[in-house]
Amino acid sequence: MPYIPPQAGSAGGTGETPRFNQVCYTTLGFDVPWSYETYLEIGGYTAWQRILDEKLSPEDVVQIVKDSGLRGRGGAGFPTGLKWSFMPKTDPKSAGAQSYFVVNSDESEPGTCKDRDILRTNPHALVEGMLIGAYAIRASVAYNYMRGEFMDEVYDHFHQAVKDAYANGWAGKDIKGSGHDIEVIPTLGAGAYICGEETALLESLEGKKGQPRFKPPFPAGYGLYGKPTTINNTESVSSVPAIVRNGSDWFKAMGVENAGGQKCFSVSGHVAKPNNFEIDLGTPFATLLELAGGMKDGIALKAVIPGGSSVPVVPGELMMTIDMDYDSIAKGAGSMLGSGAVIVMNETTDMVMALRRISRFYYSESCGQCTPCREGTGWLYRVLTRIVEGKGVPEDIVRLEDVAGKIAGRTICALGDAAAMPVQSFVKHYRHEFEHYITHKRSYVSDTLGAAA
């Protein structure tokens, strides 16, 4: 379950106690956090009601989201309101004007489980966000594409939330007598990592093999069933009701310049209390680590992957100086906020073995459409396997860098980059461990920690 703080504090990023759970995890602490009644208690559906009562135009809603500074929470960090503004400004009831709003709940990035907890504990926030998002882009149909492994509590909770929304007149035909029609449709994928890529998700929704499309055309022009489509992450969409309910300035004040609001972080690895934490963007990593109970067993921090396994690794000493927001991590640490999956590694971590495991994942999950990714991911995994088995040669380090460089930026989607960036960063920061494996045919960590003991 996500972290429930003993009390709310003041803004993060200022050295003070950060605020918690004010956007997506707002139902925590209730006996039945996922219920319709609980959602109403925390102000649920008042944002959607406001839009209908005040007859806010789609442009008005888009501007509210733009002003809030909300950026995509799925990994790319693209401004959500700006993305919505790309959609055609046509009447959804006019002939041939169908468009779609799609939520990407195919949470597949290793280390990431924050969207799952939103679906589990606060599904109505996502339903309301889908209704608002669909209205803002003039879509009459909204899909939520959920990961196949979310079959039980998450799929059931969201299904019930959709039923509740229809039963209480928030979704369907002529919503609350407004004349607006919006259908909300839950759907379940088959658990493929590649379907987290938005165009592969659309292919899967259409009943095809989940493989990314060439771009352009982009989904805003040619998306689901060839119609204009916007795809947003679960956390992004679930943030929208709180923004409309409390105002853009409220949300923006919790973040930093160029990125408003709170962010859900999944902290895992060698920490005492791995969990999900919703805190202000700009909160220092050191504070987030403290919230997670600090380093498990008091063993020193070695490295951090700050945004899911696909982003560059950051040495622990450097990470302790970084704030958790898009620009700070990019400019200060040379990595990415990504999905918000913070993987913490202590000094006992064998970085070569860790990279081999990551590379095995991307080798398995490549859809095979692009030759550089299909062949390159296999090369990376096999070379790393050779090194850890004591069969590596000095040229293998250069070979890893060369193959990674030939994958990055040369594929239809970003999976190729996701496979290449970890290799490039692990070799950059921990080259000595690779060299030790090749020279001594065994782990640097085992040798150094064994000698110290």
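In this predicted model, Thr349 sits in the loop that runs between strand E9 (341–346) and helix H14 (351–365). Although Thr349 belongs to a loop, it is buried, because its relative accessible area of 10% falls under the 20% limit used for that word. Leaving aside residues up to four places away in sequence, Thr349 touches His270, Lys302, Ala354, Glu433 and Val445. The side chain of Thr349 also reaches the backbone oxygen of Asn346, at 2.9 Å. A further link to a remote part of the sequence can be seen in the C-alpha atoms of Thr349 and Gly269, which are separated by 10 Å while the two residues are 80 residues apart along the chain.

We can turn next to the largest pocket, whose volume is about 1300 Å³. The pocket is lined by 45 residues, and the closest of these to its centre are Gly74, Gly75, Ala76, Gly196 and Glu197. Which elements each supply at least two residues of the lining? They are helix H4 (80–85), helix H5 (114–121), strand E4 (229–233) and helix H17 (415–440), and E4 gives the most, with five residues. Sorted by class, the lining of this pocket has 16 nonpolar, 18 polar and eleven charged residues.

The aromatic residues offer another view of the structure, which holds 13 aromatic pairs. Two of them are set out here.

| Pair | Centre to centre | Angle between planes | Arrangement |
|---|---|---|---|
| Trp84 and Phe101 | 6.1 Å | 80° | edge-to-face |
| Tyr100 and Tyr225 | 5.8 Å | 65° | edge-to-face |

Trp84 lies in helix H4 and Phe101 in strand E1 (residues 100–105), so this pair ties together parts of the chain that are 17 residues apart in sequence. Trp84 counts as buried because its relative accessibility is 2%, and Phe101 likewise counts as buried because its value is 0%.

The pair of Tyr100 and Tyr225 links distant parts of the chain, 125 residues apart, with Tyr100 in strand E1 and Tyr225 in the loop between helix H8 (198–205) and E4. Is each partner in this pair buried or partly exposed? Tyr100, at 11% relative accessibility, counts as buried, whereas Tyr225, at 42%, counts as partly exposed because that value lies between the limits of 20% and 50%. Elsewhere in the model, Tyr36, Tyr39, Tyr45 and Trp170 form one aromatic cluster.

Technical notes. Residues are numbered from 1 along each chain as its sequence is written. This is a predicted model: local features need pLDDT of at least 70, side-chain atom pairs count only at pLDDT 80 or more; totals for chains, interfaces and linings use all residues. Side-chain values use heavy atoms; hydrogens and water are left out. Helices (H or I, at least four residues) and strands (E, at least two) are DSSP runs, numbered from the N terminus. Buried means under 20% relative accessible area, exposed over 50%, partly exposed in between (1.4 Å probe, protein chains only). Contact means heavy atoms within 4.5 Å. A polar contact is a pair of N or O atoms within 3.5 Å; within protein, one must be able to donate a hydrogen and the other to accept it, and residues adjacent in sequence count only if both atoms are side-chain atoms. On a 1 Å grid over the protein atoms alone, a cavity is a set of points where a 1.4 Å probe fits but cannot get out, and a pocket is an open set with protein on both sides within 12 Å along at least five of seven lines; lining residues have an atom within 4 Å of a point. Grid points are joined across faces, edges and corners, and a volume is the space filled by probe spheres set on the points. Ala, Val, Leu, Ile, Met, Phe, Trp, Tyr, Cys and Pro count as nonpolar, Asp, Glu, Lys and Arg as charged, and the others, Gly among them, as polar. Rings of Phe, Tyr and Trp (its six-membered ring) pair if their centres lie within 6.5 Å; planes under 30 degrees apart count as stacked, over 60 as edge-to-face and the rest as tilted.
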